[in-house]
Amino acid sequence: MMPLVEMRQIVKTFGPVMAVRGADFSVNHGEVVGLVGDNGAGKSTLMKVLTGVHQPDGGELWFAGRRVHFGSSVDSRRAGIEMVYQDLGLAENLNPIANIFLGREMTHSFAGLRLLSEAEMDQAGRRHLENLQIRLPSLALPVERLSGGQRQSVAIARATAFQARLVIMDEPAASLAVAEAAKVLLLIKRLREQGISAVLISHRLQDVLDVSDRIVVLNRGLKVGDLPREEATMERLVGLIVGKAS
Amino acid sequence: MQIEQATPTERPRLRLSADLLGRMGLGLVVLLMMTVLTILQPQYFPTRENLTNIARQVSSNAVLALGEFVVVVTAGIDLSVGSVMGLSMIVVAMSLHAGWMSGFALLAALAVGTGVGLFNGLALTKLHLPHPFIATLATLNIARGATYLLSGGVPISGLTPTVRFFGAGEVHLFGEGALALTFPVSFLIVMALYSLVWLFMSKTRTGRHIYAIGGSPKAAQYAGINTNRNLVLVYAVSGAMAGVAGILLAGRVNSGYPTAGTGAELDAIAAVIIGGASFFGGRGSAVGVFLGAIIMGLLRNGLNLMNVSVFWQQVLIGLIILLAVYVDVLRRRAMRLED
């Protein structure tokens, strides 16, 4: 079976700067892949090519067995690729359910008007949160009143609520206290149990080692390492990241 | 295993009740003001004539505030509504005097208001003017200038019964018996518009998106919400409301005069702020703004009844704005301390 995602020889330049210079990257079905590298190694650019935010200058993108071109993040989302942004991308003034459905609200027709189906969204949202075993103190409060870890959970719930096949997470635990970070990592493992693939971009190598099945290392726009979890050690990763032969 | 420990239920319930108190607070203020005025002015305040008068007088400001509210939810501001109200009023009067049927005169006023609002929205999103303050400050001047140019600077009096009906008419509800209630038509229009906007903002996708844009423009963008389209819409709604306010005022005073609505944008903004909407966007409700407009009307009426000069009234309105926002600041701080 082909991997869920296969990126071949991706090139992306910004003016004179070559951010990604012929990188390969793949994610298998139900696999968590850690993506690591120093600042400017091309991690974010590579993922933005995958989500259609950037158009590649060279290379091929395959998703679920087909060659694809994503013109925008709307296209990639339609295919089942979701991104959880570092700044979460939540509307602080809305409650968790409204955030999960933001931009994809359920509606019904009433007296010729299209109104929000709040009861249905509430029910479906609760069911989804339960599936992911996310417990929140209240679903009626705006998310600004939740803790960092709870908000991260809402962001991940939002990303996975609509038949997502791949979730890309950019530093999901970076700003969290230790206990909250652990819960978020647990949530990533739970996604895998539900058959959802994930890419975890992080500088926190211990987190990456904790949850990833495979770890890909980028250095100056090239893939310099692709290690199964069993072969990855902190020393080897650091060596690859800073560019020394391991 | 759990991602989050469920916290004890008392805390969220306590916080919810703080929110509820905040919302009910405005209603309590209205009740308190009415009680005090009834005690101070028992023979003047609680009469049918006076209450009808208040309802009629607050109508224009309430409608302006409603449009302003929708803009403020997006963290924007519309400074042009007072001038647009004046322009709408002159357009009604002039088209009637040109022999137009009332219906067309009203439509023309509505179209002019909506048109200026659309222009504001497009100036913000297409011309990329840095802040809605700029675009609407420009249209404040353009609309006011146009009002003077069209009218030649003189009032135009004597309108048709249809237009007068909207601003000064009354309807009798519940028959002629003991339950008979007389309602100013303009106030019924106000309530209908507030219900519509409440429904729109709280129960439709577009309303939800407007709140999201005000709360977090980035999140709205990530969610695939067309921010520019929604911004153009809210400014058009604000312009249309200013058009309606101009019609109601024209009907009430049976004329159009070119200075009408000068500075009215500030009263509208005051009602929105007293009503609990946040200038940072994403917060507030049509119900709160309605109560904000009522509070301002009661204050003006009460002070008039007690022969307090309009200069002092203005000072007091300023103090109430300070007080309303400060109470909100305190409430938010209390909630944060709770967390």
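**Interface between the two domains of chain A**

No salt bridges (a side-chain nitrogen of Lys or Arg within 4 Å of a carboxyl oxygen of Asp or Glu) are counted between domain 1 of chain A and domain 2 of chain A. The structure is a predicted model, in which local features need pLDDT (the predictor's confidence in each residue, from 0 to 100) of at least 70 and side-chain atom pairs count only at pLDDT 80 or more, whereas totals for chains, interfaces and linings use all residues. Side-chain values use heavy atoms, without hydrogens and water; residues are numbered from 1 along each chain, and chains are lettered from A in the order in which they are written.

Domain 1 of chain A comprises 1–80 + 164–246, and domain 2 comprises 92–162, with bounds from an automatic or database domain assignment. Their C-alpha centres lie 27 Å apart. To the contact (heavy atoms within 4.5 Å), domain 1 of chain A gives 13 residues and domain 2 of chain A gives 15.

The two domains bury about 1200 Å² between them, 63% of it on carbon and sulfur atoms; buried area is the accessible area (1.4 Å probe) that two parts lose on being put together, summed over both. In domain 1 of chain A, the most area is lost to domain 2 by A:Ala164, A:Leu187 and A:Arg190, together 37% of what that side buries.

Five residue pairs across this interface, both residues at pLDDT 80 or more, are in polar contact (N or O atoms within 3.5 Å, one able to donate a hydrogen and the other to accept it; residues adjacent in sequence count only if both atoms are side-chain atoms).
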